[in-house]
Amino acid sequence: MSAAGPSSAPEFSKPLQTPLPEEELNRINTFLRDLTPEDILRWAIDHLPGLHQTTAFGLTGLVAIDMLSKTTSSPPPLIFVDTLYHFPETYELVEDVKQRYGVPVHVYKPEGCESVEDFERTYGEKLWEKDEQTYDYLVKVEPARRAYAERGVKSVITGRRASQGADRANLPPLEVDSTGLLKLNPLFAWSFPIVDWYIKSNNVPHNKLLDQGYRSVGDWHSTVKSGEGDTGERAGRWAGKAEKTECGLHVDYFALKAAAERKLQESSAKKAISPTASVVEANA
């Protein structure tokens, strides 16, 4: 991809006005597809309202953080959703990024919970095994949406790429989700080898687990080292669940919210009838 010269760039509102009509979204994506990730990020800083970067500090997100540090003196703030179940190496990386780049990191945890003990006291142990959809909503989706509401977020930078496959295979540079949130995917066209090359060439901090046989890092209970011959970019995530490709942040928010709230209400009703019952039961 090559950067378009200033004289050839089409004009867009600064910032973009939302909700964004589909015709305008298509026009923007036609323009962004020919830009480098650095130029996509420059464009985003000028045009996207309420811009933040949501990150779990995966490699693509780290590339974007590093690029932004070289693009602007005031990079978009970072939002880190702390599920409470990250690996120690992930928390260590968060501190490394803070020290290296000096960018604010706003941490959001499951509502009302500061620790695993708090969460399991309310929702029971191993909720991800009993009701994964509700788990995803409670530890990832609700905290993220709370962050967006509290911080006036209208646009987010993501680390998604088309080469990661599954639902991401036809990923455009800019998306609008069901809530109207603008999602920018600046490295949408990069393959893993290019990402890996950038990380190494620029000495970008990265999760130490990636040097120990992990290809993608999420919660400790659902991440394993990739097996021999397993070449998928997200190999090791959600082991044994071939049908699962997203954590909840990039699926239909309203459908996930409605399903989770229904199950939580049913569980609360059962608990009221039988106080010894688990707060959330399997497939309630």
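In this predicted model, Arg 100 forms a salt bridge with Asp 66. The closest N and O atoms of the pair are 3.9 Å apart. The bridge links distant parts of the chain. Arg 100 belongs to helix α4, Asp 66 belongs to helix α3, and 34 residues separate them. The two partners differ in their surroundings. Asp 66 is buried, because its relative accessible area is 1% and the limit for burial is under 20%. Arg 100, at 38% relative accessibility, counts as partly exposed. The pair is also part of a network of salt bridges that links Asp 66, Lys 70 and Arg 100. Across the whole structure, the search finds 16 salt bridges.

The helices that carry this pair pack against each other. Helix α3 spans residues 59–69 and helix α4 spans residues 88–101. Their axes lie 11 Å apart, at an angle of about 10°. That angle makes α3 roughly parallel to α4, because angles under 35 degrees count as roughly parallel. The crossing of α3 past α4 is right-handed. On the α3 side, the contact is made by Leu 62, Ile 65, Asp 66 and Ser 69. On the α4 side, Leu 93, Val 97, Arg 100 and Tyr 101 take part. Both partners of the salt bridge, Asp 66 and Arg 100, are thus among the contact residues. By type, the residues of this contact divide into five nonpolar, one polar and two charged.

Helix α3 also meets helix α2. The axes of α2 and α3 come within 10 Å and cross at roughly 70°. That makes α2 roughly perpendicular to α3, since the range for this class is 65 to 115 degrees. The crossing is right-handed. From α2, the residues Pro 37, Glu 38, Leu 41 and Ile 45 meet Ala 64, Met 67 and Leu 68 of α3. The contact of α2 with α3 holds six nonpolar residues, no polar ones and one charged.

Helix α2 covers residues 37–47. Its buried residues are Pro 37, Asp 39, Ile 40, Leu 41, Trp 43, Ala 44 and His 47. What do the buried residues of α2 pack against? They pack against α1 (22–32), β1 (51–54), α3, β4 (155–157) and β6 (182–184). Two of the buried residues, Pro 37 and Leu 41, also appear in the contact with α3.

A further helix pair is formed by α7 (residues 132–151) and α9. Their axes come within 10 Å and cross at roughly 120°. The two helices are therefore oblique to each other. The crossing of α7 and α9 is left-handed. From α7, the contact uses Gln 133, Thr 134, Tyr 137, Leu 138, Val 141 and Arg 145. From α9, it uses Tyr 253, Leu 256, Lys 257, Ala 259, Ala 260, Glu 261, Lys 263 and Leu 264. The residues of this contact divide into eight nonpolar, two polar and four charged.

Two of these α9 residues, Lys 257 and Glu 261, also form a salt bridge with each other, at 2.9 Å from N to O. Both lie in helix α9, which spans residues 253–273. They are four residues apart, about one turn of the helix. An α-helix has 3.6 residues a turn, so residues three or four places apart point the same way. Lys 257 is partly exposed, at 25% relative accessibility. Glu 261 is partly exposed too, with a relative accessible area of 31%.

Helix α8 (residues 192–201) holds another such pair, Asp 196 and Lys 200. Their side chains meet in a salt bridge of 3.0 Å, N to O. Here again, four residues, about one turn of the helix, separate the partners. Is each partner buried, partly exposed or exposed? Asp 196 is partly exposed, with a relative accessible area of 21%. Lys 200 counts as exposed, at 61% relative accessibility.

One loop residue completes the account. Glu 114 sits in the loop between β3 (105–108) and α5 (116–123). At 58% relative accessibility, Glu 114 counts as exposed, because the class begins over 50%. Leaving aside residues up to four places away in sequence, Glu 114 touches Leu 84 and Lys 109. Glu 114 and Asp 82 are 32 residues apart in sequence. In space, their C-alpha atoms are 9.6 Å apart.

Technical notes. Residues are numbered from 1 along each chain as its sequence is written. This is a predicted model: local features need pLDDT of at least 70, side-chain atom pairs count only at pLDDT 80 or more; totals for chains, interfaces and linings use all residues. Side-chain values use heavy atoms; hydrogens and water are left out. Axes are lines fitted to C-alpha atoms, for helices over the stretch in contact, and angles run from 0 to 180 degrees between N-to-C directions. Angles under 35 degrees count as roughly parallel, over 145 as roughly antiparallel, 65 to 115 as roughly perpendicular and the rest as oblique. A crossing is left-handed if the near helix is turned anticlockwise from the far one by less than a right angle, and right-handed if clockwise. Contact means heavy atoms within 4.5 Å. Ala, Val, Leu, Ile, Met, Phe, Trp, Tyr, Cys and Pro count as nonpolar, Asp, Glu, Lys and Arg as charged, and the others, Gly among them, as polar. A salt bridge is a side-chain nitrogen of Lys or Arg within 4 Å of a carboxyl oxygen of Asp or Glu. Buried means under 20% relative accessible area, exposed over 50%, partly exposed in between (1.4 Å probe, protein chains only).
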